[in-house]
Amino acid sequence: MKIWHNNRCSKSRCAVEFLNDKNIDFETVYYLDNPPTKDELKEVLKMLGIKAETLVRKNEPIFKEKFKGQHLTEAAWIKAMVDHPKLIERPIIINNGKAVVGRPAENILDII
């Protein structure tokens, strides 16, 4: 199991706490320090079953500055998230070919 984690995010910290409370082993991926590649992000979107734009954090300053009001293609949204990983909704938990956004943390139960 992996978690794409941002330690500055309370929801992400809640997901880590949830996993620890359940004694679940996981790997922490600090995606802001090590952004996903285009292919990794495409694979996670496939596991989540959503379009790229759905995974974009629309309250982030970078979104408001560069992307608000734009109608981008799927590929362009993916590139935007790879180039600006703060745009990626968090936390994302990945397990055995499935993924969920851990908001709320109880969503994690769907993939364990």
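These are my notebook entries on a predicted model, taken in the order I looked things up.

**Entry 1: the sheet.** I began with the strands. Four of them, 4 by count, make an open sheet with mixed pairing, and I read the order as β2-β1-β3-β4. At the edges I found β2 (27-29) and β4 (98-101), each of which pairs on one side only. I also noted the twist: neighbouring strands are turned by 20° against each other on average, direction ignored.

**Entry 2: one strand pair.** I then looked at β3, residues 92-95, and its pairing with β4. The two are antiparallel and share 4 bridges. As a landmark I marked Ile 93, which stands opposite Val 100 of β4.

**Entry 3: helices on the sheet.** Which strands does helix α1 lie across? I traced α1 (residues 10-21) and found it across β1 (2-4) and β3, running at about 165° to β1. Helix α2 (residues 38-48) also packs on the sheet, where I saw it touch β1, β3 and β4. The direction of α2 makes about 85° with that of β4.

**Entry 4: the cores.** I turned to the nonpolar residues. The largest core has 24 residues, and those that touch the most other members are Trp 4, Leu 41, Leu 55, Met 81, Leu 87, Ile 88 and Ile 92. At least two residues of this core come from each of α2, α3 (61-66), α4 (74-83), β3 and β4. The largest share, 5 residues, is that of α2. I listed a second, separate core as well; it has 11 residues, among them Ile 3, Phe 18, Ile 24 and Val 100.

**Entry 5: Met 81 and helix α4.** I checked the contacts of Met 81 beyond its neighbours within four places in sequence, and found Leu 41, Ala 52, Leu 55, Val 56, Leu 87 and Ile 88. Within α4, I noted Met 81 as buried, along with Trp 77, Ile 78 and Ala 80. Why do the buried residues of α4 line one face of the helix? Seen down the axis, they fall within an arc of 160°, so they line one face. The elements covering them include α2 and α3.

**Entry 6: Glu 89.** My last stop was Glu 89, in the loop between α4 and β3. Is Glu 89 buried or exposed? Its relative accessibility is 18%, and buried means under 20%, so I entered Glu 89 as buried. The side chain of Glu 89 makes a polar contact of 3.0 Å with that of Arg 57. Not counting residues up to four places away in sequence, Glu 89 touches Leu 55, Arg 57, Val 101 and Arg 103.

Conventions
Residues numbered from 1 in each chain as written. Predicted model: local features only at pLDDT ≥ 70, side-chain atom pairs only at ≥ 80, totals over all residues. Heavy atoms only, no water. Pairing = 2+ DSSP bridges. Axes fitted to C-alpha atoms, helices over the stretch in contact; angles between N-to-C directions. Contact = heavy atoms within 4.5 Å. Core = buried A, V, L, I, M, F, W, Y, C linked by side-chain atoms within 4.5 Å. Buried < 20%, exposed > 50% of the residue type's maximum accessible area, 1.4 Å probe, protein only. Arc of directions from axis to C-beta. Polar contact = N/O pair within 3.5 Å; in protein donor to acceptor, adjacent residues only side chain to side chain.
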